[in-house]
Every structure is written in C-alpha cells, then in structure tokens.
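Here is a quick walk through a model, going from the overall chain down to a couple of residues. Have the viewer open and follow along.

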Amino acid sequence: MWHQWIPFWQPGLSPHSADVDLLFAGLLIASALVLGLLFFLLTLFCVRYRASNQTDRDHRVAKSWHWEVSWTTASFVCFLGLFAWGASVYFQVYKTPADEQDVFVVAKQWMWKTQHPGGQSEIDALHIPVKRPVRLVMASQDVIHSFFIPALRLKHDVVPGRYQDLEIEVDKPGHYHLFCAEYCGTDHSGMIGEIVAMDPTDFSNWLGQQAPSSPLAAEGGALFRELGCSGCHGNGSKVRAPPLEGLYGKPVPLSDGSSVIADDRYIRDSILLPRSQVVAGYEPLMPSFEGKVSEDQLLRLVLYVKSLAGHQS
C-alpha cells in the first residue's frame, strides 16, 4: 500500500480507512500546490515590481482575461474533482450492509453508554466482533457530542433530539481509542473510551459472561405497558390508535398526504412529538412523552416496536 512508504503513518483498520487516507493525502497535495503557486506568484511580483526595478508599469488597468479564465477554470475542475472523490468515499462509508447488527450508544456529560440488544451494557467501552458490520444508533442526552474513532477514520456528531446512525467495521482484533471530538463542557477531555474488537468466538463468549439481563426489547415491552401505551395500541383497546404490529420498516401514510418509513427516527418522533406526523385516518390524541422518558427508555421502546415487525394484527 502507498501509505507504507510514508514515515510515522499509522494505517487505518477499517475497510474504508485506506480510501479516507488517500482522499486526505489528495486534499493535502492539492492544497499544497495551490499554496505553493500563491507564494510563487507573490514572490515573483514582489521581486519584479519592487521600487528599485525599472519595470514597465503602464496600462495597469488592462486585464489578462485568458490567464484569469484559465486559472479559474483549472481551480474549479480540480476542486470539483475532489468533491466528487469525497462524495464517493462518503457513500461507501455510509452505505448500509445487509448483515449488520445494532448497538445503541447514549452520550452523556461526560461518558459513553453502550447497550447491546441482549441487554448487556458498557460504560466508556464497546465490544464488537471483527470483520462484521455494526450499526451504531446514537443519541445525546444533553449537548452535542462527537463519536470519534481515529483508528477507523470515523467521526460522527451526536446531536440531542434525534438519532444518528454510524456503520463501523474493524479488520483486526485489538483495543482502539474512542474520543469525544466536540467540546461538551468542563470535563470534555475526560470523555474517552475504547473500542474492543474481538474474534467472533471470543465476542460470543464475552456476551455470555456478562451479568444476566433481559433483552432490551423485553424491557421496552414492560415499559410500554407501564406507561399505559397498551391501553391505546393494544388489542381490544377502546381508543382507536394505529396498530404497531408489523409497523417497523413499512411506509406510513400521513394526514397531510405524504408518507414516511417507520424507522427508528419515526418511532422516536412519534413518542416525543406525536402531533408532528399524524397517521392518516387517525385523530391526534396521543400525548407527548417528551421529558417523561429518558434516552435509555426511548431506545427500549423503539426496540420493542421493532420487535413487533414480524407480528401482524
């Protein structure tokens, strides 16, 4: 690989890290060429038009259109090419693999809390299997944070009030740094953790050795009933509410004539802001649970609704 010939260069450990490194090197080279040309022209004009030089200074308002058009066109083509290159790398990094597994991340001042679907939870750490895509569903409980893994060349802001998705995959087992790359308060520098990449067999053993806990979907179902949601969305309810069985991943027609896919974001918004997207044919009767449930509880409720995808009412 080309980066093996660069001193002190640490190669990335994700399938897309080499592409990100190459794009970064291309940006540096293009910027260095532009900067070098700029300083060359500055030096040339300073020497040619210094006070002691008898250079012809007539016709100072004359325009050299051919030079200006050529320079502008060359710059436009160069940076448009860099943009297209960067866009292609972006779409490769953020495409969704078919066999990915979900892990949930809640950012708080000043810690990372990660939760596996089986109920296993970690603080400032995330265990994942190597060579298997993992989808992180991230949310912030307070301010903006940024999930940054330098070894994987991946960084994604975690914004309060919405879910953020990030697909990661590690090629080699090991321990890799996890940072918050967005200033988030007085202890921002202490908001660090690690990504622990393990062989699939070791990862399965690690999951089994964790403290017994119920799956997050089961905990979400208990919370669903505790909050009284089953009184409207359950079978035999007297209140006419949209059914949740078989909902996840399907298009939902809205009262304004549009439609939306019932994904994690839609379910979250339906819990916190139920009047923002009213299902066609139903009255906006559901109360808002904003401020009544935490991000941890929201994740469990979303997982419970997701678990009903294979059930039909």
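Start with the overall dimensions: the chain has a radius of gyration of 27 Å, whereas a compact globule of 313 residues would come in near 20 Å. The C-alpha trace fits that picture, spanning about 95 × 50 × 40 Å along its principal axes. Keep in mind that this is a predicted model.

As for secondary structure, the chain holds seven helices and twelve strands. Of contacts between residues at least 6 apart in sequence, 64% link residues at least 24 apart. Buried residues account for 37% of the 313 residues. The accessible surface adds up to about 18,400 Å², and carbon and sulfur atoms own 61% of that. On the charge side, there are 25 positive and 32 negative charges, and their mean positions sit 5 Å apart.

Now zoom in on helix α1, which covers residues 17–48. How far apart should the ends of its 32 residues be? At 1.5 Å a residue the expected span is 46 Å, and the end C-alpha atoms are indeed 46 Å apart, so the two values agree.

Which residues of α1 are buried? They are Ser17, Asp21, Leu23, Ala25, Gly26 and Ala30. As background, an α-helix has 3.6 residues a turn, so residues three or four places apart point the same way. The buried residues of α1 pack against α2, which runs over 65–93.

Two of these α1 residues are worth a side-by-side look. The contacts listed leave out neighbours up to four places away in sequence.

| Residue | Relative accessible area | Contacts |
|---|---|---|
| Ser17 | 2% | Gly12, Leu152 and Arg153 |
| Gly26 | 16% | Leu82 and Trp85 |

Ser17 is part of helix α1, and Ser17 counts as buried because its relative accessible area of 2% falls under the 20% cut-off. Its contacts beyond the immediate sequence neighbours are Gly12, Leu152 and Arg153.

Gly26 also belongs to helix α1. Is Gly26 buried or exposed? With a relative accessible area of 16%, Gly26 is buried, because the limit is under 20%. Gly26 touches Leu82 and Trp85, and α2 is the 65–93 helix that the buried residues of α1 pack against. For a distance check in your viewer, the C-alpha atoms of Gly26 and His16 are ten residues apart along the chain and separated by 15 Å.

How values were computed:
Residues numbered from 1 in each chain as written. Predicted model: local features only at pLDDT ≥ 70, side-chain atom pairs only at ≥ 80, totals over all residues. Heavy atoms only, no water. Helix = DSSP H or I, 4+ residues; strand = E, 2+ residues; numbered from the N terminus. Rg over C-alpha atoms; globule rule 2.2 N^0.38 Å. Buried < 20%, exposed > 50% of the residue type's maximum accessible area, 1.4 Å probe, protein only. Contact = heavy atoms within 4.5 Å. Areas by Shrake-Rupley, 256 points an atom, 1.4 Å probe, with all protein chains shown as cover. Lys, Arg positive; Asp, Glu negative; His and termini not counted. Charge placed at Lys NZ, Arg CZ, Asp CG, Glu CD. Expected span 1.5 Å × (residues − 1).
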